[in-house]
Amino acid sequence: MIKTKNSNADKVKSLFRDFQIQILEGRKFTINEKVHKEFIQSDQYKTYLKFAPGEIITGSNALKLLSLLERDAKDIDLIIPEWKSKQFGQLQKLMYNSDDLDNYIGSTWVKYKRGIFSTTINIQFDFFNQIDTDILEFDNLKLENPLNIIRRKIEIADRLHFTNSDKHFIDLIHILTK
């Protein structure tokens, strides 16, 4: 049961309940092969492989890989032990505060260069402590269970009053009505 403080949450809570029933009735999560192929060719994935291989992918990238979300992620969200995040230096608290997500460790930008003659780009990594050990594994990818991601999106959207301009609310409606 998800507790919310906002009366606008009723629609999302009802949709989430229906989504969970679908899972109980046999709905499975599978990797979208086309999205997977695009992802493993992306600079985000190559940077992930170079700096945080094997860590659990969460957030929008995980949802998109599972065909639950269509929009591209601007960053890569990872679940990583806090001690491992130290290798990235001082992290900034940019995206979330402790009211939003108590497992948010911080964010950083990692420089990535495709080749000798290419320009360097910055890839944003957002790091989170693992709260739940519920992950899905597909080939060499570890993805956080989408139910956990959806619950966190509901908590964040609740704090933002489920406004139609909030990306988390928009994501939730898209995910839960698919």
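This passage walks through a helix, a hairpin and the nonpolar cores of a predicted model.

A good place to begin is helix H1, which covers residues 10-24. With 15 residues, H1 reaches 21 Å from its first C-alpha to its last, close to the 21 Å expected at 1.5 Å a residue. Four of its residues are buried, namely Val-12, Leu-15, Phe-16 and Phe-19. Seen down the axis of H1, these buried residues fall within an arc of 100°, so they line one face of the helix. The cover over them includes two further helices, H6 (146-159) and H7 (167-176). On the other side of H1, by contrast, Asp-10 and Leu-24 are exposed. Ile-21 also belongs to H1. Its relative accessibility is 37%, and because a residue must be under 20% to be buried and over 50% to be exposed, Ile-21 counts as partly exposed. Between Ile-21 and Ile-2 there are 15 Å in space, C-alpha to C-alpha, for a separation of 19 residues in sequence. After H1 comes Gly-26, which has a positive phi near 115°.

The next stop is a hairpin built from strands E5 and E6, with two residues between the strands. E5 (residues 135-138) and E6 (residues 141-144) pair in the antiparallel sense, and four bridges link them. Within this pairing, Leu-136 of E5 stands opposite Leu-143 in E6. In the hairpin, Asp-139 takes a positive phi near 50°. In a regular strand, side chains alternate between the two faces of the sheet. Strand E5 shows such an alternation: Leu-136 and Phe-138 point to one face and are buried, whereas Ile-135 and Glu-137 point to the other and are not buried.

Turning to the interior, the largest nonpolar core holds 45 residues, and Phe-125 and Leu-176 have the most contacts inside it. Helix H6 supplies the largest share of this core, with five residues. H6 is thus met twice, as it is also among the elements that cover the buried residues of H1. Around Phe-125, leaving aside neighbours within four places in sequence, the contacts include the aromatic residues Tyr-48, Phe-51 and Phe-88. Phe-125 is also in contact with Ala-52, Ile-76, Leu-78 and Val-110, and with Thr-47, Gly-106, Ser-107 and Thr-108. A second core, separate from this one, has six residues, among them Leu-101, Tyr-104, Phe-128 and Ile-156.

Conventions
Residues numbered from 1 in each chain as written. Predicted model: local features only at pLDDT ≥ 70, side-chain atom pairs only at ≥ 80, totals over all residues. Heavy atoms only, no water. Buried < 20%, exposed > 50% of the residue type's maximum accessible area, 1.4 Å probe, protein only. Pairing = 2+ DSSP bridges. Expected span 1.5 Å × (residues − 1). Arc of directions from axis to C-beta. Contact = heavy atoms within 4.5 Å. Core = buried A, V, L, I, M, F, W, Y, C linked by side-chain atoms within 4.5 Å.
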